Amino acid sequence: MTEYEKLHSGDLYDPGDEAIFREQLDCLEKQYDYNQTRPHELEKRIAMLKEMFAEAGEGCYVEPPLHSNWGGHHTHLGKGVYANFGLTLVDDTHIYIGDHTMLGPNVVLATGGHPILPQLRERQMQFNLPIRIGRNCWLGAGVIVLPGVSIGDNSVIGAESVVTKDIPADVVAVGNPCRVLRPIGEQDRQVYTRGRQIDPKLLEK
């Protein structure tokens, strides 16, 4: 198995391999151009996202600046995904983000890790494990998701949380390490924040 083939295998590999490095630089060139676009160039940005990312569904938008190891090359966006400023994708292997998921400012999705053993880290060895984020999730500002983690549909991850293990669907989870706080339930149909009531008409749509 070549070093390039190990990218998506979970095996340890050398990220400085020439074939990997050459293709990665090509992806980073596109990311550089994306980050230089002007605010009114929305159509250009959307077209570039479809070229840069493995998949980008209709209605996706990523606010520049985007920071990504592979410029989104291994990242799959469903429909209507929105990412605020400063998204960091350590997308050395695949990241899957479901329809209508929202990512707050400065979210980090990191598929890459390094072995604890010092001798291997001295050789800059790396491994990658995919991240999967479900449909209609919301990750608050500064959330960090670590390699191999999955987050279920509809779940909310509180700001600055560090998600080290899988989070189920339909929950609110917070903290470092991130833990389930409570299920999403009837109270969330009545109040949206700090005692503020939801207009019932909004739920009729």
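**Exercise 1. Sort the lining of the largest pocket in this predicted model by residue class.**

Let's start with the tally: the lining of the largest pocket holds six nonpolar, two polar and two charged residues. The model is a predicted one.

Step 1. List the residues. W138, V156, V172, R182, I184, Q187, D188, V191, Y192 and T193 form the lining of the largest pocket.

Step 2. Assign the classes. Because Asp and Arg count as charged, R182 and D188 from the lining go into the charged group. Gln and Thr fall among the others, so they count as polar; in this lining they are Q187 and T193.

Step 3. Add the size. The volume of the largest pocket is about 400 Å³.

**Exercise 2. Find which strand gives the most to the lining of the largest pocket.**

Step 1. Look at the end of the list, where V191, Y192 and T193 appear.

Step 2. Match them to an element. Strand β20 covers residues 191-193, and with three residues this strand gives the most to the lining.

**Exercise 3. Describe the second largest pocket by its volume and its lining.**

Step 1. The space in the second largest pocket is about 160 Å³.

Step 2. Its lining is made by H100, M102, N136, C137, W138, N154, V156 and I184.

Step 3. By class, five of these residues are nonpolar and three are polar, with no charged residue.

Step 4. Now compare the lists. W138, V156 and I184 line the second largest pocket, and W138, V156 and I184 also appear in the lining of the largest pocket.

**Exercise 4. Work out the strand order of the five-stranded open sheet and name its edges.**

Step 1. The order is β1-β4-β7-β12-β15, with parallel pairing.

Step 2. β1 (55-56) and β15 (150-151) are the edge strands, each pairing on one side only.

Step 3. Zoom in on one edge. Two bridges join β1 to strand β4 (residues 75-77) in the parallel sense. E55 has H76 in β4 as its bridge partner.

**Exercise 5. Trace the largest nonpolar core and follow one of its members, I151.**

Step 1. This core has 33 residues, and L109, L139 and I151 touch the most other members.

Step 2. Two or more residues come from each of α2 (42-52), β7 (95-97), β12 (131-133) and β18 (171-174). Of these, α2 supplies the largest share, three residues.

Step 3. Leaving out residues up to four places away in sequence, I151 touches R132, I133, G134, C137, L139, V145, I157, V163 and I167.

Step 4. Finish with the separate second core: this one has five residues, including L7, I20, C27 and W70.

Key
Residues are numbered from 1 along each chain as its sequence is written. This is a predicted model: local features need pLDDT of at least 70, side-chain atom pairs count only at pLDDT 80 or more; totals for chains, interfaces and linings use all residues. Side-chain values use heavy atoms; hydrogens and water are left out. On a 1 Å grid over the protein atoms alone, a cavity is a set of points where a 1.4 Å probe fits but cannot get out, and a pocket is an open set with protein on both sides within 12 Å along at least five of seven lines; lining residues have an atom within 4 Å of a point. Grid points are joined across faces, edges and corners, and a volume is the space filled by probe spheres set on the points. Helices (H or I, at least four residues) and strands (E, at least two) are DSSP runs, numbered from the N terminus. Two strands pair if DSSP finds at least two bridges between them. A nonpolar core is a set of buried Ala, Val, Leu, Ile, Met, Phe, Trp, Tyr and Cys residues joined through side-chain atoms within 4.5 Å. Buried means under 20% relative accessible area, exposed over 50%, partly exposed in between (1.4 Å probe, protein chains only). Contact means heavy atoms within 4.5 Å.
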